[in-house]
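Please keep the model open beside this note while you read, and take the points in order. Each one deals with a single part of the fold.

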Amino acid sequence: MKVFVTGATGFVGSAIVRELLQAGHQVLGLVRSAKDAESLTRSGAKAHIGNLNDLESLRIGAAASDGVIHTAFNHDFSQFKQSCENDRHIITTFGEVLAGTERPLIVTSALGLLPQGRLVTEQDIAVAGPNPRLASEEAADVVAGRGVRISVVRLPPSVHGDGDHGFIPMLIEVARKQGISVFEDEGLNYWSAVHQLDAAKLYRLALEKAAPGGTRYHAVDEEGIAFRYIAEAIGKGLGIPVVSKSKEEAAANFGWFAHFAAMDIRASGHQTQQELKWSPLQPGLIADMESGSYFSA
């Protein structure tokens, strides 16, 4: 199968490209520069130069492929709402290209859209609220209504592994600057997690299954890790004190990241594992933090 992958040189996307190539698929990867194109070509994939704002380049890439995996997203939180609306347009564009075909489309969402404070499953519906990331799932439902085989992969707060530049490195940077690693109260809010390589395998399996439109998958290995344990791993890695703070003090410590640090996202991936015969094999988050490259900088 020839697969068009957006975010092909990103943290998750690059792992998906390797996974697809190893499974015998061909990859056409979206890249923004000649430098990225050269890097992608060395991996054995073909490069398609374009960007998320150039919908015509996305149409061309999708039309030339047997399936699409969309992982690219602008994570500049200063323009987060606009990035989410852009994602709506991107998913809609892919749906227009793939409508009337059996070619699969796999898009990306976040578990943070689901109700917090309890274990959520693939059957849970993303709730309307202040998080504009809901736009991606709304667009997926519209596209599914047009008969497209679109599946949504919901990612947990931590997709970890070498090269991670997501929430865990952000927490480490805050702790390094503050000189302490903080958790709120007893630290009993939870983050679900998955290793980058396990997530990449899930995307491939979802593509190959080409389930009916509207299918949700949870890229979850660990259902919930107490934030206290994450803070303790950071304290150990940096050699700094681990401190409990009140809600207000913790918010002041984390600054703009306070909302994310306070998330309570416990999620099951049991149905996903059964349907796709997906078995995560990589180290868990805490083990990865203790043995990986998180504190090498």
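1. In this predicted model, helix α6 passes helix α8 in a right-handed crossing. The axes of α6 (residues 167-178) and α8 (residues 227-238) come within 10 Å and cross at roughly 60°, and that makes α6 oblique to α8. Two packed helices are described by the angle between their axes and the distance between the axes.

2. Which residues of α6 and α8 meet? On the α6 side they are I168, L171, I172, A175 and R176, and on the α8 side they are F227, I230, I234 and L238. Sorted by character, the residues of this contact between α6 and α8 divide into 8 nonpolar, no polar and 1 charged.

3. The sheet deserves a careful look next. It is an open sheet of 7 strands with parallel pairing, and the order of the strands is β3-β2-β1-β4-β5-β7-β11. Strands β3 (46-49) and β11 (215-218) stand at the edges, and each has a single partner strand, so one side of each is left without a neighbour in the sheet. From one strand to the next, the twist averages 25°.

4. At the β3 end of the sheet, the pairing can be followed residue by residue. Strand β2 (residues 26-31) runs parallel to β3 and is joined to it by 4 bridges, and L28 stands opposite K46 in β3.

5. Two helices that lie across strands of the sheet should be traced separately. Helix α1 (residues 11-22) lies across β1 (2-6), β2 and β4 (67-70), and runs at about 170° to β1. Helix α7 (residues 196-209) lies across β1, β4, β5 (104-110), β7 (149-155) and β11, and runs at about 140° to β5.

6. Is helix α5 (residues 134-144) largely enclosed or left open by the rest of the structure? Of its 11 residues, 8 are buried, so α5 is largely enclosed by the rest of the structure. The buried residues are L134, A135, S136, E137, A139, A140, V143 and A144, and they pack against helix α4 (80-98) as well as strands β5, β7 and β11.

7. Finally, please find Q22, which lies in helix α1. With a relative accessible area of 68%, Q22 is exposed, because the cut-off for that word is an area over 50%. The C-alpha atoms of Q22 and A252 are separated by 46 Å, and these two residues are 230 residues apart along the chain.

Technical notes: Residues are numbered from 1 along each chain as its sequence is written. This is a predicted model: local features need pLDDT of at least 70, side-chain atom pairs count only at pLDDT 80 or more; totals for chains, interfaces and linings use all residues. Side-chain values use heavy atoms; hydrogens and water are left out. Two strands pair if DSSP finds at least two bridges between them. Axes are lines fitted to C-alpha atoms, for helices over the stretch in contact, and angles run from 0 to 180 degrees between N-to-C directions. Contact means heavy atoms within 4.5 Å. Buried means under 20% relative accessible area, exposed over 50%, partly exposed in between (1.4 Å probe, protein chains only). Angles under 35 degrees count as roughly parallel, over 145 as roughly antiparallel, 65 to 115 as roughly perpendicular and the rest as oblique. A crossing is left-handed if the near helix is turned anticlockwise from the far one by less than a right angle, and right-handed if clockwise. Ala, Val, Leu, Ile, Met, Phe, Trp, Tyr, Cys and Pro count as nonpolar, Asp, Glu, Lys and Arg as charged, and the others, Gly among them, as polar.
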